Structure formats: structure tokens, C-alpha cells
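User: Please take a close look at one hairpin in this structure and at what lies around it. I would like one connected account, with the cut-offs stated.

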Amino acid sequence: MITRLLGVSSAIALSAGLAHADMNFNRIASFPVVSNMAEGEDTKRETSPEIIDVTADGQTLVYTDSPLEVIGFVDITDAHDPKPLGNMDVGGEPTSVAVLGNTAFVGVNTSESYVAPSGKVISVDVASKTETGACDLGGQPDSVAKAPDGSFIAVAIENERDEDLNDGIIPQMPAGTLALVDLKDGALACDTLRFADLTGLADVAGSDPEPEYVSINALGEIVVTMQENNHLAIVSKDGEVLNHFSAGSVDLEGIDATDERGALIFTESQKGRLREPDAVTWISDDMFATANEGDYKGGSRGWTIFNKDGTVVYENGTDFEKAIIQIGHYPDKRSDSKGVEPESVTFGVFGDTPYVFVGAERASVVGVYDVTNPAAPVLKQLLPSGVGPEGYAVIPSRNLLVSANEKDLIEDGGARAHVMLFEMQDAPAVYPHLTSKGMDELTGWGAISGMVADKDGIVWAVNDSFYGFQPSIFKIDTKTTPATIVDVIRVERTSGPAQKLDLEGITLDGKGGFYVASEGRTERLIPHAIYHVNAKGKIKNLKGEIGIPAELAAVEKRFGFEGITKIGDTLWMAVQREWKDDPKNHVKLVAYNLETKEWGAVLYEKAEPATGWVGLSEITAHGDHVYVIERDNQHDHRAVTKKVYRIPAAEMVPAPLGGDLPVVSKELVRDLLPDLKSTGGYVLDKVEGLAILEDGTAFVSTDNDGVDDHSGETMFFSIGKVDAAF
């Protein structure tokens, strides 16, 4: 008989009051946690929201920030406009937080070394941001969980291993344990502190259990994952081990298990891959779900529902990862490790539907599963999160889901760490904007750069050099919602993938083929060039490659052709940034006549950057104008310039190279910042594609950098008819 979860947490369901046959989660806000720093603090320091919870009234978020050794607070009274409430120093590294009422219980790591671990659990009054109690745990805490009835908390004492010692292989003493402490009138009762002995349970290093994550059901039973041990235990609130069993393994088929090849090829397998679960959550009093992130030996790329008797109710296998592949979030550089790496899992009932939310750390995606039938969960949505989702909070009474995304890319000039809010709405799902779902063969994609429009709502797009061993031209049907990749053409020379390409632009040749622009990089032996590609993806021998002339080669720099378009017999390429002979804040629009073989150029004046740099990333001819994308290299709240301009085609008269070049005029068509903010996320830096259909409808796309130090989010959206604004 199949157990169903209808009616679970009926009080929550009634309070939500939803009948949501057509309800969807959509992101409504992103909160950069750097804004919680006090005035005068060094905002260039790393921040990292990891585990997050919410006060009982659903108005205040509390999250851990390990690098700053603080817990942060966010006012979400208006969930669409979260406000900073500041940070509180906790005297060590906060590892987890659980909130009951208006009190936060925080695990704090104070260890001096791996062999002398120490830590505490503290209680904090959220309103006043003051510590109200503390219990010495005698070891290094990881996860903290609260009993649903508020009677006690559980803390996983991991006493984590030294990964540099013996390649991180355990056992490495001291062993971990599970701490339990009662709450009396909501306060820590340290005199009730007790420990559950977990040694001798696991087949893998049983003498050294390393508890990772805990969750408590309505019966007061604690499920604890021991990730490195690949083991699970069920423990009573008195500390008695009620049951324990191996997390087991999964046979993975149709995966990419090879790194460092710059290609998405899903033909490999891994047999007997240990689950090694990280996060765990009860979904009823009898069943729980695990996120099978993996550690040094395993990671099964999916998630599992177990019965507490040890039987597997549901195994996701590679289905979650394959769905992520289709929306362009697959992290290819993690192929030889743990793929999309599901790390977090959370349960909540919205309306009358029970959901499991699975976070893929490396893909920066949240999977929303309807688990009404636990034996056959249904993937309802994939939501875009910030970089490295780590923890979640559910607020069914307000129809809210919250993600804490731990990765701060400040050192690389990337996006800052964010907390994101999603709302269940009576509205269509906004994300994804682009998918390859429906293709006969599983097709991954990413790093979309240049685009060009064709007839019947078709747009062609190229990927850049991140996929250096799989240069591709994607056929996109814009008439569907979301837009759909319906075919892919692999770019080749005589045989096999064409090498030494960085495709940044594409235009039609008028004969069924394409001209593509490759941005050069001399130190990597990648030439600045134009390639003529036929309809099957073959670069025409000898005549198919058009290298830049000596006049350009003498002044070239790294940031070259970004976009290509065709006007009559002339190809026009936008150079992204100044080359050696360009005036400050001016870049070349380079012309090549296919009939006369002559080169020329005009100059385009771009904005003075406030921070970083400003350059061009696309060029597209339509009607009496040539359209370009001008952008800076800034992310999130720091972004200033993301704009579409147009140039009169009559001014596109190339002058000979090496002499004075005329400067064309430009007219603002659209500031893209409101569009880039419209889905509740932070502003993505790389606006790279612009395609304009015959009727003037324009589509814009962003480049997700192959999901490498990036959220993986690709925006692909229409800005309407470009002629309509004039």
C-alpha cells in the first residue's frame, strides 16, 4: 500500500488557505547580505549566509554567516523589499540556526584545532539581538534542529576531520556525537544536556561517526545523517538509538563524469555510487528525505525518500540532474566530482500540497517536488537561486520560500552572496526562460553569447569558449513559453569539434549557413577571426576562415569581436573594448566586404565606466539602424550600464584602417536594468545576445559563464518591438 501525504500539517494548510491548481513559486526579492554590515565596516570582506530560519510571526529572518562570525537579521515585513536589521557577533563560527518563537538557537564552533574541537549552543533574543543563554557542547557543532513542540533541540556534533590529513580519510578522532538539550519556558536547560552514542553503527569508519545534519519529527524522533560514514540513524529524544542503517548506493547512468574537456556529453556511468547524504528532513512521522551531496567517495547527484525502517520509498537517481541540464544550469567543471551536488532539502506544506525543496549547491537551483505520493514525487518547478544555495526556510502562512546562498564572489569581482525570497502565486512560472526539454537527446547548454534572428520566430545562438571542445549553434523557438532549444549544430572543421574558437557572434549568410565571430586571445593561440559555417556546422576549408588584417593585428588586444551582423555584402563586428590605437572610451565597429575583401571601421563612443569597464557585447542590423548592447562588467547592486543603443545605418560607412575613423552617433533604445531586475534576482553582468525578428520584436539573452562561479541563471526575454519606442 502506498502512503500518501494528503492532509499533512492541516493547520498550516488551513492558515495558508490556498487552492492552487495553477499556483507557482516565483522569486520576488534578493537581499545582498553585505548590506547588513554596519557603517564603516570593510564591505570587501567575504560574507556567507548559510543556514536560515524565521521567527514564528514570519517577519524576521535569521541566518548564519561563518566568515564574519555573526548571525544576520532581515526584516521581511514587506517580502518584496527586505530590509537589513544588522549582524550580531556570536563569539565564534556559527554553523546552524533554528528559531522557536522569537528565540534563535545557534550552534557556534570555537575549536582551536581538529583534534581539540569545542563549541556551544547559544540562545538569542531576536528582537534585542542579545544572548540569553549558552550551553557548552564539548565538541564542534554542525546542524541544529528544533522539536516541533518546542520541547528540545538537537545538535549534530560533527568533530569534523582534517581533509589535509591522510587525504581526509576517516577515522580521525575524536568521534562525533549527537547532543540533546531540553527547553524550559523556551530557554536552554543546560543541566538536561545529554548525548547519543553513535559509535559502532556504520560500516564505514564506525569508530568515528561524523554527524552532519539533524531533523526532528512530531514524535520527537531525530534522524541524523553521518555523511562521511554513509549512514543514517533514528534516535529518541532520550538519546536511544531506535534504528540505524546504511544510506546505500545508486547506479548512475547517462551522466557526464569527465572534467576538463569543455563539453557536455552525458554517456557515462558510475556503478554503486554511495549516497553520502548531507541534509535531511522529515516529511511525515515515518518518512524522511535526504540530499545526497556526497563527500570524498560518493555523491549520487540526486535525492532519496527513506522510511525510518530503512527501506527506500523513492530514489530520484539522475532525474533531478537531467532536469537541471535542460535549463542550462549544469556545472561542467564538477562532472568528475559530484555533478549538480544536491546539498539541502526542506519540507513544507503550502495549501494542501506537501512539497520537498531540493537545493543543488553547484547548479544554484531549487527543485520543487510535490510529494503527495512519496513513492512518486512530481517535479513541479526549478527555481533560480543565488550562487551556492545552502539553507532554506519555508513560511507557508505567507506563501514564502527563502533560500540562503553561501557563495560570495567578491574576490573574483563576481556577485555578492544573497538571500532570496520566492512567493507562491496564482501566476505562471517565470523561470526558466530557456530550456532544451523535449529534444530527443538530452542536450546541455550554457554560456550563450551572440544571437541572430531568422524567420518564423527562430533565433540562432552560439556558445562561447567555456565549451571549447563543443562549439555549438543552438536553434531556439521563441514562440514557446519558455523559449525552447529545438536543435543544435556542432561546429566542426574536417572532423570533430573545431578548436581554438571563442564564438561571440553569429549572423545568417543568406544561403542557409552562418558567419560566426570568434573573439581572439593571443596568449592562448586563439585568433581574432570570422568563420563561414554551413548549415551542417562545417567550417568551409581555407575560404571558411577570415583572419584579421595586419593593420588590426598590430593593435589587437584580448577583448575582440563581440557580435557580428551582415548588411548587404558587408560584415560588421563590434570590438568589445579599446584596442591600442583607440581613443579613450571609443571602440571600433569593424567592417569586412565579402566581395572586395576590403577592411574598414568606424568608431563608437561608449560610456565612461563608474567602476570596472564598459564595452560592447553585440551588434545587430535591423531596418535603417544597427543596434548594439553596451554594458559594464558589474553585477547586482553595483551594475550601472546595461543598455541597447541604435546607430543610423547611413552612418555605417567604413573608413580605411590605420587612419582617422569617423565617430557614429547613437540613440538609447532601452535601459535593460529594469528588465534584469524584473524577476526578483540580482542584476546579471553579461548581457551578450540581441536578436531582432523581421517584425522588430527583439530578444535579449545573458551569458551564464558555463555555471562556473556563477548562479547558472540565463535570462532570455523580449523587449518588444524596437521600432515602437520611436
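Analyst: In the hairpin of β24 and β25, two residues lie between the strands, and Gly351 takes a positive phi near 65°. Strands here are DSSP runs of E with at least two residues, helices are runs of H or I with at least four residues, and both are numbered from the N terminus. This is a predicted model: local features need pLDDT of at least 70, side-chain atom pairs count only at pLDDT 80 or more, and totals for chains, interfaces and linings use all residues. Residues are numbered from 1 along each chain as its sequence is written, and side-chain values use heavy atoms, with hydrogens and water left out.

The two strands of the hairpin pair in the antiparallel sense over eight bridges; two strands count as paired if DSSP finds at least two bridges between them. Within this pairing, Val345 has Val358 in β25 as its bridge partner. β24 is mostly covered, with nine of its nine residues buried. Buried means under 20% relative accessible area, exposed means over 50%, and partly exposed lies in between (1.4 Å probe, protein chains only).

The loop between α2 and β24 holds Glu341. Phi of Glu341 is near 60°, a positive value in a residue other than glycine. Glu341 counts as buried because its relative accessibility is 2%.

Next comes the helix at the other end of that loop. α2 covers residues 319-326 and is mostly covered itself, since six of its eight residues are buried. The buried ones are Phe320, Glu321, Ala323, Ile324, Ile325 and Gln326. An α-helix has 3.6 residues a turn, so residues three or four places apart point the same way. The cover over the buried residues of α2 includes both strands of the hairpin, β24 (342-350) and β25 (353-360), along with β18 (249-255), β26 (365-370), β27 (378-384) and β31 (434-435). Just after α2, Gly328 takes a positive phi of about 80°.

β31, one of the strands that cover the helix, leads to the loop between β30 (418-425) and β31, where His433 is found. Pro432 has its place in the loop between β30 and β31 as well, and the peptide bond from Tyr431 to Pro432 is cis, with omega near 5°. Is His433 buried or exposed? At 10% relative accessibility, His433 counts as buried. Leaving aside neighbours within four places in sequence, His433 is in contact with Pro482, Ala483, Thr679, Thr714, Met715 and Phe716, where contact means heavy atoms within 4.5 Å. The side chain of His433 also reaches the backbone nitrogen of Phe716 at 3.1 Å. That is a polar contact, a pair of N or O atoms within 3.5 Å; within protein, one must be able to donate a hydrogen and the other to accept it, and residues adjacent in sequence count only if both atoms are side-chain atoms.

Two loops elsewhere give parallels to the backbone features above. The peptide bond from Ile170 to Pro171 is cis, with omega near 15°, and Pro171 lies in the loop between β11 (152-157) and β12 (177-184). Lys129 has a positive phi near 55° without being a glycine. Lys129 lies in the loop between β8 (119-125) and β9 (130-136), and counts as partly exposed because its relative accessibility is 26%.
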